[in-house]
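Please open the structure in a viewer and keep the sequence at hand. The tour proceeds by selections, each followed by a short account of what is there.

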Amino acid sequence: MASIFTKIVSGEIPSYKIAEDDNYFAFLDINPNAKGHTLVIPKREENKIFDLSKEEYDGLMSFSYRVAKALEKAVPCERIGMSVIGLEVPHVHVHLIPINTMADMQFMKKEKLTEEEFLAVAKRIAENFE
Ligand code: AMP
């Protein structure tokens, strides 16, 4: 069965899209640690990150780099934190999180955003994506 993220790539499930190319897709996390928390995925469904081929892993990291650069410009923060977990959704995803404190990386303190806030921050990040 297709993962929830595969359904996001196909458009079957909506998302706040940031950017995509032929192989990778970036969108806002729906339950963010902080405003701008973004997920970057390979479109090809794979459960664990180190089961990707070296080439696909490198491509995912390169795409994540570009998204992180856009995030830095779009969201005021101390730095961009990066994490890979995957215990909830078995489709490889890189968490890119604008952080100010260690607590922002702990997946406990969550930020509630309105629809308008999700749309506005997604637009700002997408506009800065190169
Ligand atoms: P994990 O698999 O533990 O790395 O976490 C999965 C992440 O995916 C969590 O941060 C969720 O908030 C996020 N998530 C789950 N469903 C969606 C969705 N439909 N759209 C955006 N983010 C999602």
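**The central sheet**

This is a predicted model. Begin by selecting strand β3, residues 38–42, together with β5; the two pair in the antiparallel sense over 3 bridges. Within this pairing, Thr38 has Leu96 of β5 as its bridge partner.

Next add strand β4, residues 79–83, which also pairs with β5 in the antiparallel sense, over 5 bridges. Ser83 stands opposite His95 of β5.

Now display the whole sheet. It is open, has 5 strands in the order β1-β2-β3-β5-β4, and is paired in the antiparallel sense. Its edge strands are β1 (17–20) and β4, each of which pairs on one side only. From one strand to the next, the twist averages 20°.

At the β1 edge, select β1 and strand β2 (residues 24–28): they run antiparallel and are joined by 3 bridges. Here Glu20 has Phe25 in β2 as its bridge partner. Then select helix α2, residues 54–74, which packs on the sheet and touches β1, β2, β3, β4 and β5. The direction of α2 makes about 155° with that of β3.

**Strand β5**

Return to β5 and select residues 94–99. Are they mostly covered or mostly open? The strand is mostly covered, for 6 of its 6 residues are buried. In a regular strand the side chains alternate between the two faces of the sheet, so each face deserves its own inspection. Select Val94, Leu96 and Pro98 for one side of β5, then His95, Ile97 and Ile99 for the other: the residues on both sides are all buried.

**The ligand**

Select the ligand and the residues around it. Which of these 16 residues come nearest? They are Asp29, Gly86, Glu88, His93 and His95.

Three contacts with ligand oxygen may be examined in turn:

- At Gly86, a backbone N or O atom lies 2.9 Å from an oxygen atom of the ligand.
- At Val89, a polar backbone atom is 2.9 Å from an oxygen atom of the ligand.
- At His95, a polar side-chain atom lies 2.8 Å from an oxygen atom of the ligand.

A surface display of the ligand adds to this view: on its own it has 500 Å² of accessible area, and the protein covers 88% of that. His95 thus links two stops of the tour, since it is a buried residue of β5 and is also among the residues that come nearest to the ligand.

**Two loop residues**

Select Ile49, in the loop between β3 and α2. Why does this loop residue count as buried? Its relative accessible area is 10%, and therefore falls under the 20% limit for a buried residue. Leaving aside neighbours within four places in sequence, Ile49 is in contact with Tyr57, Leu60, Met61, Val84 and Val92. For one of these, Val84, draw the C-alpha to C-alpha distance from Ile49: the two residues are 7.9 Å apart in space and 35 residues apart in sequence.

Finally, select Asp104, in the loop between β5 and α3 (115–128). Is this residue buried or exposed? Asp104 is buried, because its relative accessible area of 7% is under 20%. Not counting residues up to four places away in sequence, Asp104 touches Asn33, Ile97, Ile99 and Lys109. Of these, Ile97 and Ile99 belong to the β5 face that also holds His95.

Note on methods. Residues numbered from 1 in each chain as written. Predicted model: local features only at pLDDT ≥ 70, side-chain atom pairs only at ≥ 80, totals over all residues. Heavy atoms only, no water. Buried < 20%, exposed > 50% of the residue type's maximum accessible area, 1.4 Å probe, protein only. Helix = DSSP H or I, 4+ residues; strand = E, 2+ residues; numbered from the N terminus. Pairing = 2+ DSSP bridges. Axes fitted to C-alpha atoms, helices over the stretch in contact; angles between N-to-C directions. Contact = heavy atoms within 4.5 Å. Near = heavy atom within 4 Å. Polar contact = N/O pair within 3.5 Å; in protein donor to acceptor, adjacent residues only side chain to side chain. Areas by Shrake-Rupley, 256 points an atom, 1.4 Å probe, with all protein chains shown as cover.
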